[in-house]
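User: Please take a close look at the ligand site of this model. I would like a connected account of what surrounds the ligand, and then of the other features that have been computed.

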Amino acid sequence: MDVDVIIVGAGPTGLMLAGELRLAGVRPLVLERQPRLRETPKANGFSGQILELLRYRGLLDRMEAASTDRSHPAPGFPFGGVHVDLPHLADPPLRVLGLPQPRLERLLDERARELGVDIRRGHEVVGVSQDDARVTADVRGPGGPYRVTARYVVGCDGGRSRIRDSAGIPFPGTTYPEVNRLGQVTVPDSVTVLDNGDLDVAGLGRIRAGFTRTDRGVFACGRLASGCLLIQTTEDEPVGVDDDTPMTLAELQDSIRRVLGANLPLGEPLRLSRYQFQARQAERYRDGRILLAGDAAHLFPATGIGINTGMTDAVNLAWKLAAAIHGWAPAGLLDTYHHERHFAGARALLQTQAQVALRRGHDPAADALRELFLELLTDEQPLRRMGALIAGADIRYPLPNPNHHALAGAFAPDLTLRTDQGTTSVAELMRTARPILLDLADRPDLRETARDWQHRIDIRTAETDHRPADALLIRPDGHIAWVAPTDEPTDTAAPALREALSRWLGTSQKTTMPVINRRA
Ligand SMILES: Cc1cc2nc3c(=O)[nH]c(=O)nc-3n(C[C@H](O)[C@H](O)[C@H](O)COP(=O)(O)OP(=O)(O)OC[C@H]3O[C@@H](n4cnc5c(N)ncnc54)[C@H](O)[C@@H]3O)c2cc1C
């Protein structure tokens with residue numbers, strides 16, 4: 001076996017997965033067909049739960065230092081063409097980080113290399129096959145074709161995933177006909193930006209700021225804080241667009257001419273991009289030794305969500321894959337990746353498809369729907385709920401043995417913890433990506449139970465204000481696998497903990513010899 005895991009694609013999902021696998025002691029090989037790191041713009045930033053996870057891994061500071069803006073509560077969000085204001089709420093439900101995708105990928109690449117990941121650029125995977133013991137990837141590299149074998153392969157190879165096709169996994173859904181073209185350009189001499197943002201164009205007249213609808217599509221323009229212009233067109237085009245073909249200024253100008261019926265002079269292009277919305281989800285995220293993550297597994301018909309969902313897939317998958325490779329994965333553990341992340345992807349599809357319904361109607365009934373929707377979101381509770389849904393922070397994984405405590409299956413809150421060694425936090429404890437039994441009520445009975453798994457788990461005792469429970473079993477992906485409610489007696493809490501530990505971390509030291517580094 002050449003490596004443990006082959007990761008196909010060095011986008012945000014593949015690079016995050018590579019780092020997480022190294023933290024879990026696994027040897028991944030990343031194969032990326034593009035010869036160099038991405039320079040063309042794609043996402044301008046990202047939001048949601050992944051920001052918390054990056055903080056829990058100690059990576060957020062590094063990303064903020066490279067960002068155009070520190071991560072901050074979103075002042076509002078566009079939802080299906082409707083701008084929803086998010087007033088200053090304590091504990092805001094949605095945060096954003098303005099970090100362009102090429103910079104994000106550079107940072108994730110650096111981090112993965114620091115952890116010892118082998119990343120090969122200019123190496124395209126042309127096919128994969130699997131048998132009971134291994135997967136084999138056929139690769140076209142700069143030095144010619146070659147083969148690599150591994151225990152597993154993860155297709156992080158984007159929406160047109162070859163790995164998904166090789167595994168015969170259906171990718172049902174819809175491609176919407178609107179093509180959006182976006183440009184950030186300097187203001188040319190022949191254009192004056194008026195105080196209200198309207199454009200006064202020599203020889204053409206005035207163009208209104210905001211959205212202009214015509215028979216051919218939608219034109220939008222606005223002035224950015226930097227002084228340059230943000231221009232967007234949306235046109236229905238039945239033939240799909242190719243993400244890999246760079247956008248040009250001429251393409252944007254042609255589109256403006258079709259939509260507005262006029263030639264709008266544009267200055268120097270600072271950023272150009274084009275995208276078309278699809279709503280698709282792979283039927284299965286796993287087929288034997290082949291797994292899918294990120295855009296290869298799902299495409300959403302709204303912006304601002306792809307990176308969050310893809311990188312969170314990676315964190316959910318990494319420790320489970322590592323358990324399978326080290327040989328201690330309990331039965332069914334790897335399949336929980338599909339169950340949990342397909343469920344999360346379906347939630348993301350729910351809210352992004354609702355956005356399509358909101359933005360597509362252009363009649364009084366559709367206007368009424370948008371107005372009513374906005375009215376409902378003036379109240380704090382629905383606003384919080386929408387924010388959490390968009391962030392993916394409302395995900396509570398359905399656990400096999402439902403524990404009805406509100407925290408079971410949810411993402412662990414970042415509690416401040418007082419320990420014998422000083423003050424720490426859940427975020428700091430999660431840096432090593434190891435499972436934790438967090439004893440918040442000095443419960444020797446629970447610590448004693450967990451000691452049989454101490455080769456796989458960190459056992460911590462701490463005090464916290466407003467203790468939410470007596471103990472939490474936190475998985476490496478930050479989700480809570482089990483909760484001891486406050487004052488739960490030993491005769492129910494200890495067996496329940498034992499069962500949860502067996503379910504998530506395999507057999508205890510008492511029943512087997514340590515199996516560190518035993519291979520699947
Ligand atoms: C214009 C635009 C704007 C966007 N804006 C946002 C935004 O604001 N916020 C947000 O969260 N998301 C945004 N997105 C979506 C976001 O960019 C994607 O969700 C994200 O890139 C998905 O990451 P990924 O790693 O799963 O896949 P990708 O980024 O698509 O990476 C896949 C990688 O696999 C490589 N690859 C493919 N096939 C092979 C092969 N056979 N062998 C080897 N390598 C292969 C590709 O070269 C690529 O590098 C935007 C997308 C577009 C197009």
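Analyst: The account below begins with the ligand and then turns to a pocket and an aromatic pair. The model is predicted, and every value given here is computed from it.

The ligand is surrounded by 32 residues, with T13, E32, Q101, V125 and D295 the closest. Two of these closest residues also appear in polar contacts made through side chains. T13 places a polar side-chain atom 2.8 Å from an oxygen atom of the ligand, and D295 has a polar side-chain atom 2.9 Å from a ligand oxygen atom. At I307 the contact involves the backbone instead: one of its polar backbone atoms is 3.0 Å from an oxygen atom of the ligand. Taken alone, the ligand exposes 1000 Å², and the protein buries 89% of that area.

The elements that contribute two or more residues to this shell are helices α1 (12–23) and α7 (306–326), together with strands β2 (28–32), β9 (124–130) and β19 (269–281). Of the elements, β19 gives the most, with three residues. Sorted by class, the shell comprises 13 polar, ten nonpolar and nine charged residues.

The second largest pocket may be described in the same terms. Its volume is about 940 Å³. Its lining consists of 30 residues, and those nearest the pocket centre are Q49, D91, P93, A388 and A393. Two helices, α2 (49–56) and α10 (380–391), are the elements that supply two or more residues to this lining. The largest share comes from α10, which provides seven residues. In the class composition of this lining, 18 residues are nonpolar, ten are charged and two are polar.

The remaining feature concerns aromatic side chains. Across the whole structure, a search finds five aromatic pairs. One of them joins Y285 and Y337 in a tilted arrangement, with 5.9 Å from centre to centre and 50° between the planes. This pair links distant parts of the chain, the two residues being 52 apart: Y285 belongs to the loop between β19 and β20 (286–287), whereas Y337 is in helix α8 (residues 335–360). The strand β19, which bounds the loop of Y285, is also the element that gives the most residues to the ligand shell.

To return to the site in question, the oxygen atoms of the ligand have polar partners in the side chains of T13 and D295 and in the backbone of I307, and the protein buries 89% of the area that the ligand exposes alone.

Methods. Residues are numbered from 1 along each chain as its sequence is written. This is a predicted model: local features need pLDDT of at least 70, side-chain atom pairs count only at pLDDT 80 or more; totals for chains, interfaces and linings use all residues. Side-chain values use heavy atoms; hydrogens and water are left out. On a 1 Å grid over the protein atoms alone, a cavity is a set of points where a 1.4 Å probe fits but cannot get out, and a pocket is an open set with protein on both sides within 12 Å along at least five of seven lines; lining residues have an atom within 4 Å of a point. Grid points are joined across faces, edges and corners, and a volume is the space filled by probe spheres set on the points. Helices (H or I, at least four residues) and strands (E, at least two) are DSSP runs, numbered from the N terminus. Ala, Val, Leu, Ile, Met, Phe, Trp, Tyr, Cys and Pro count as nonpolar, Asp, Glu, Lys and Arg as charged, and the others, Gly among them, as polar. A residue is near a molecule or strand if one of its heavy atoms lies within 4 Å of it. A polar contact is a pair of N or O atoms within 3.5 Å; within protein, one must be able to donate a hydrogen and the other to accept it, and residues adjacent in sequence count only if both atoms are side-chain atoms. Accessible areas come from the Shrake-Rupley method with a 1.4 Å probe; for residues, only the protein chains shown count as cover. Rings of Phe, Tyr and Trp (its six-membered ring) pair if their centres lie within 6.5 Å; planes under 30 degrees apart count as stacked, over 60 as edge-to-face and the rest as tilted.
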